[in-house]
Amino acid sequence: MTTIDDVARLAGVSTATVSRALRGLPTVSPATRHRVLAAAEKLQYAVSPSASRLAGGRTGTIAVVVPQITRWFFATVVEAVEKFLHESGYDLLLYNLGGREQSRQRVLRTANLHKRADAIMLVATPLFAADVSALTALDVPGVTISSGTPVPGWPCVRIDDLNTARTATRHLLDLGHRRIAHISGYPHDELAFTAHAERRRGFQAALRAAGLRPDPSLDVESQFSIAGGTRATAELLARGEPPTAIVAACDEMAMGALAALRDAGLRVPQDVSVIGIDDHDLAGVLGLSTVAQPAAEQGRLAARILLDPLGGHALAAVDGRPLTASGPAGTSNPQNPPVILPTRLVVRESTAPPRAH
């Protein structure tokens, strides 16, 4: 029976190169791939994915952990990751924590991931010290997306949440708004992943730069969801004079704000302007101004980074741009500075200058 070792000897390459060439991975030159394919055809070798993986001590699987798969950001990232892994010859093993602490401990602090995956990706998953210790002990490659908790040796792909919120707030300030409210998630929410705090800091920084003092009565916390945005905006309106504009920490909360304002008989943007963060798939349909973040690209880039130490993909560029790491000091592991992707302001019908009184 012909084995992968026979093909490697005939082609004059390693068994790892044979495996990559037969899987169509881009880390093999065209000339080498042609030589391997010719050897495999001559020996009538048919690759067995399971046997190949076992022989190399690999599972061919990447574990992806998300706090809540039903949220737009997580679903968009996972879809992009799955497509990238599939094209690279890997399978995706999804762990949805679902906001359950038991799930976190079972997945992150036990041997649940041991020998089930070749590498781990954490998508905006908040971590405690015990989680970090357990993940480090697994001694496998890993990467995080939008996580403020560094794991030693793991790169991080994210956006600059502070500057993103500052951009959203500055747009309203440039339109002439001064009584601007902010709605965001609970700081200790399972879905917090530090974005809440950073986006609040960006909102407040923009106000201070414009000579305004943040008003605590115009800052409301709720769940990071459409329902949470509705509740936060209803509470905001119940506190007294409504703001002329609202910055929502995500588009889903902004959608909830639109519903609450409509129910209160207020028009958007004539009475209250609303801006979110994300560029959710429904943002354009609703005419929602937002600061778009490249969710799918974060997933693709994180997958590319993750497969590099496995020899599964060339770490050269993403969407034609060279891969570079950048970001403010202290936001990640000093040996692995975060790769920060840009965001962009998208102006639609939900924002306009405030009405003249």
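A salt bridge here is a side-chain nitrogen of Lys or Arg within 4 Å of a carboxyl oxygen of Asp or Glu. With that in hand, welcome to the close-ups, which all come from a predicted model.

**View 1. Asp-271 and Arg-355 form a salt bridge.** The closest N and O atoms of Asp-271 and Arg-355 are 3.3 Å apart. The two residues come from distant parts of the chain, 84 residues apart. Asp-271 sits in the loop between α11 (251–263) and β9 (273–278), while Arg-355 belongs to the segment after β14 (344–346). Their surroundings are worth a look too: Asp-271 is buried, with a relative accessible area of 17%, whereas Arg-355 counts as partly exposed at 48% relative accessibility.

**View 2. Arg-348 meets Asp-279 in a salt bridge.** Here the N to O distance between the side chains is 3.0 Å. Arg-348 lies in the segment after β14 and Asp-279 in the loop between β9 and α12 (283–286), so this pair ties together parts that are 69 residues apart in sequence. How accessible is Arg-348? Its relative accessibility is 22%, and buried would require a value under 20%, so Arg-348 counts as partly exposed. Asp-279 also has a backbone detail to point out: its phi is positive, about 70°, although Asp-279 is not a glycine.

**View 3. Asp-278 is another residue with a positive phi, although not a glycine.** The phi of Asp-278 is near 145°. Asp-278 is found in strand β9. With a relative accessible area of 5%, Asp-278 is buried.

**View 4. Arg-199 and Asp-161 pair up between two helices.** Their salt bridge brings the closest N and O atoms to 2.8 Å from each other. Arg-199 is part of helix α9 (residues 195–209) and Asp-161 is part of helix α8 (residues 161–174), so look for the partners in distant parts of the chain, 38 residues apart. Are these two residues buried or exposed? Both Arg-199 and Asp-161 are buried.

**View 5. Arg-200, Asp-219 and Glu-221 are joined into one network.** The links in this network are salt bridges that share partners. For context, the structure holds 10 salt bridges.

**View 6. Helix α1 crosses helix α3.** The axes of α1 (residues 4–11) and α3 (residues 30–42) come within 9 Å and cross at roughly 125°. That angle makes α1 oblique to α3. The crossing of α1 past α3 is right-handed. Which residues of α1 take part in the contact? They are Val-7, Leu-10 and Ala-11, and they meet Arg-35, Val-36, Ala-39, Ala-40 and Lys-42 in α3. Sorted by class, this contact has 6 nonpolar residues, 2 charged residues and no polar ones.

**View 7. Helices α10 and α11 also make a crossing contact.** The axes of α10 and α11 come within 6 Å and cross at roughly 50°. The two helices are therefore oblique to each other. As α10 passes α11, the crossing is right-handed. On the α10 side, the contact is made by Ile-226, Gly-228, Gly-229, Thr-230, Ala-232, Thr-233, Ala-234 and Leu-237. On the α11 side are Glu-252, Met-253, Met-255, Gly-256, Ala-257, Ala-259, Ala-260 and Leu-261. How do the residues of this contact divide by class? There are 10 nonpolar, 5 polar and 1 charged.

**View 8. Pro-242 sits in the loop between α10 (226–238) and β8 (245–248).** Pro-242 is partly exposed, with a relative accessible area of 31%. Leaving aside residues up to four places away in sequence, Pro-242 touches Arg-179, Leu-237 and Leu-266. One of these, Leu-237, is also on the α10 side of the contact with α11. Ala-181 is a further landmark for this view: the C-alpha atoms of Pro-242 and Ala-181 are separated by 8.7 Å, with their positions 61 residues apart along the chain.

**View 9. A cis peptide bond runs from Val-268 to Pro-269.** The omega of this bond is near 10°. Pro-269 lies in the loop between α11 and β9, which is also where Asp-271 of the salt bridge with Arg-355 is found.

Notes: Residues are numbered from 1 along each chain as its sequence is written. This is a predicted model: local features need pLDDT of at least 70, side-chain atom pairs count only at pLDDT 80 or more; totals for chains, interfaces and linings use all residues. Side-chain values use heavy atoms; hydrogens and water are left out. Axes are lines fitted to C-alpha atoms, for helices over the stretch in contact, and angles run from 0 to 180 degrees between N-to-C directions. Helices (H or I, at least four residues) and strands (E, at least two) are DSSP runs, numbered from the N terminus. Angles under 35 degrees count as roughly parallel, over 145 as roughly antiparallel, 65 to 115 as roughly perpendicular and the rest as oblique. A crossing is left-handed if the near helix is turned anticlockwise from the far one by less than a right angle, and right-handed if clockwise. Contact means heavy atoms within 4.5 Å. Ala, Val, Leu, Ile, Met, Phe, Trp, Tyr, Cys and Pro count as nonpolar, Asp, Glu, Lys and Arg as charged, and the others, Gly among them, as polar. Buried means under 20% relative accessible area, exposed over 50%, partly exposed in between (1.4 Å probe, protein chains only).
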